[in-house]
Amino acid sequence: GVDLGRVRGSGEHGRIVRADVEAFAKGGGVPAATSAPAAKAGAAPAAGGGGLDLLPWPKVDFAKFGPVERKDLSRIKKISGANLHRNWVVIPHVTNHDDADITELEAFRKDSGAASEKQGFKLTMLAFLIKACVTALRQYPEFNASLERGGENLVLKKYFHIGVAVDTPDGLVVPVIRDADRKGVYELARELAEMSKLARDKKLKPGDMQGGTFSISSLGGIGGTAFTPIINAPEVAILGVSRSAMRPVWVGGKGESGQFLPRLMLPLSLSYDHRVIDGASAARFTSYLASVLSDIRR
């Protein structure tokens, strides 16, 4: 009755031996007496201490082909690189893309921006995105959750701490805006400005980047039409946002009763953990999020 696909072999070249099957059946994993061999050189580690049996990384003398320059990776990139690699390898990622009509929301943001600028901060679209995401997370709580170690249970969180990816000269960091459900857009915009400054000045504390339940990665100020953001474990989803663009959108129904109108459309890219969330749920989430963003009353 043992599924051999789930058994880690301890024999030569990773072969499964009788002791491995018996240990798995008893729930003991790989027996201590026949521990698995060390990972091959160049193999990438996987979750739970396993190994991916990959070919070694190619050794190339790049200077043979032309001039080169060596540059050390920043400490942030070294740390985040290891996390991103683990998350990409271990989590089965799927990305759902959708567009949100933010024509009215952007007009409202611009009209309301003067008051925030007098107080020393900018009312950004990201503040509205955080509020909209909280609304969607309330509607679809499995997106505000984490898998327990071992993958047996799902922990649904009753708080809303939103991680926001911040681009700094040394790399990407993700400070967390806590209790976003209890804050208005002005308060969120102020906190975003403060967190971004701390990130750029390298003054974020470890606690500022912990406890997130859902993350947003926005490239709206730079460009692009869509991308696949990598989930920030142990979260189960992350929203990517690209640059909004004015497009002709058919409005008013089918046939001659409708017409094309210029609308400001915001591209959304939702990456989700397919072990927890299926495609239909992801499509409902992004569709609901788009509907929230399209109506400022919501």
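How many helices and strands does the protein chain have? In this predicted model, the protein chain has six helices and 11 strands, and its C-alpha atoms fill a box of roughly 70 × 55 × 40 Å when taken along the principal axes. The accessible surface of the chain comes to about 18,100 Å², of which 54% belongs to carbon and sulfur atoms, while buried residues make up 36% of the 298 residues. Among the contacts with a separation of 6 or more, 59% are accounted for by residues 24 or more positions apart.

In soluble globular proteins, nonpolar side chains tend to be buried together. The largest nonpolar core of the present model has 51 residues, and those with the most contacts inside it are F214 and L293. At least two residues of this core are supplied by each of helix 4 (125–139), strand 4, helix 5 (185–200), strand 8 (214–218), strand 9 (237–241), strand 11 (259–273) and helix 6 (279–294). Helix 4 provides the largest share of the core, namely 11 residues.

Nonpolar side chains also appear on the surface, where V60, F62, F65 and V68 make a patch of about 430 Å². Of these residues, F65 is found in the loop between helix 1 (18–25) and helix 2 (75–90), and F65 counts as exposed because its relative accessible area, 65%, lies over the 50% cut-off.

A residue with contacts to several other parts of the chain is H161, which lies in the loop between strand 3 (154–156) and strand 4 (162–164). Despite this loop position, H161 is buried, with a relative accessible area of 9%. When residues up to four places away in sequence are not counted, H161 touches V176, I177, R178, D179, G211, G212, T213 and F214; the last of these, F214, is one of the residues with the most contacts inside the largest nonpolar core. The side chain of H161 also reaches the backbone nitrogen of D179 at 3.0 Å. A further contact between a side chain and the backbone involves S196 in helix 5, where a polar atom of the S196 side chain lies 2.8 Å from the backbone oxygen of L192. S196 counts as buried at 18% relative accessibility, since the cut-off for this class is under 20%.

Side chains of opposite charge can pair when their charged atoms come close. A search of the whole structure finds 10 salt bridges, including one in which the side chains of R18 and E22 meet at 2.9 Å, N to O. Because R18 and E22 are four residues apart in helix 1, they are separated by about one helical turn; R18 is exposed, with a relative accessible area of 67%, whereas E22 is partly exposed at 37%.

A second salt bridge joins E104 and R263, with the closest N and O atoms 2.8 Å apart. This pair links distant parts of the chain, as E104 belongs to helix 3 (residues 103–118) and R263 to strand 11, 159 residues away. The two partners fall into separate accessibility classes, E104 being partly exposed with a relative accessible area of 39% and R263 being buried with 16%. In another salt bridge, the side chains of D273 and R275 meet at 2.8 Å, N to O; here D273 counts as buried at 2% relative accessibility, and R275 as partly exposed at 48%. Salt bridges that share partners also join D101, E104 and R263 into one network.

Some backbone features remain to be described. Most residues other than glycine have a negative phi, and most peptide bonds are trans. Against this background, H13 has a positive phi of about 60° although it is not a glycine, and K202 likewise has a positive phi of about 60° without being a glycine. H13 is found in the segment before helix 1 and is exposed, with a relative accessible area of 62%, while K202 is found in the loop between helix 5 and strand 8 and counts as exposed at 61% relative accessibility. In addition, a cis peptide bond with an omega of about 10° joins A233 and P234, and P234 is placed in the loop between strand 8 and strand 9.

Terms used
Residues numbered from 1 in each chain as written. Predicted model: local features only at pLDDT ≥ 70, side-chain atom pairs only at ≥ 80, totals over all residues. Heavy atoms only, no water. Patch = residues over 30% accessible without salt bridge, like charges linked within 9 Å, V, L, I, M, F, W, Y side chains within 5 Å. Areas by Shrake-Rupley, 256 points an atom, 1.4 Å probe, with all protein chains shown as cover. Salt bridge = Lys/Arg side-chain N within 4 Å of Asp/Glu carboxyl O. Buried < 20%, exposed > 50% of the residue type's maximum accessible area, 1.4 Å probe, protein only. Polar contact = N/O pair within 3.5 Å; in protein donor to acceptor, adjacent residues only side chain to side chain. Contact = heavy atoms within 4.5 Å. Core = buried A, V, L, I, M, F, W, Y, C linked by side-chain atoms within 4.5 Å.
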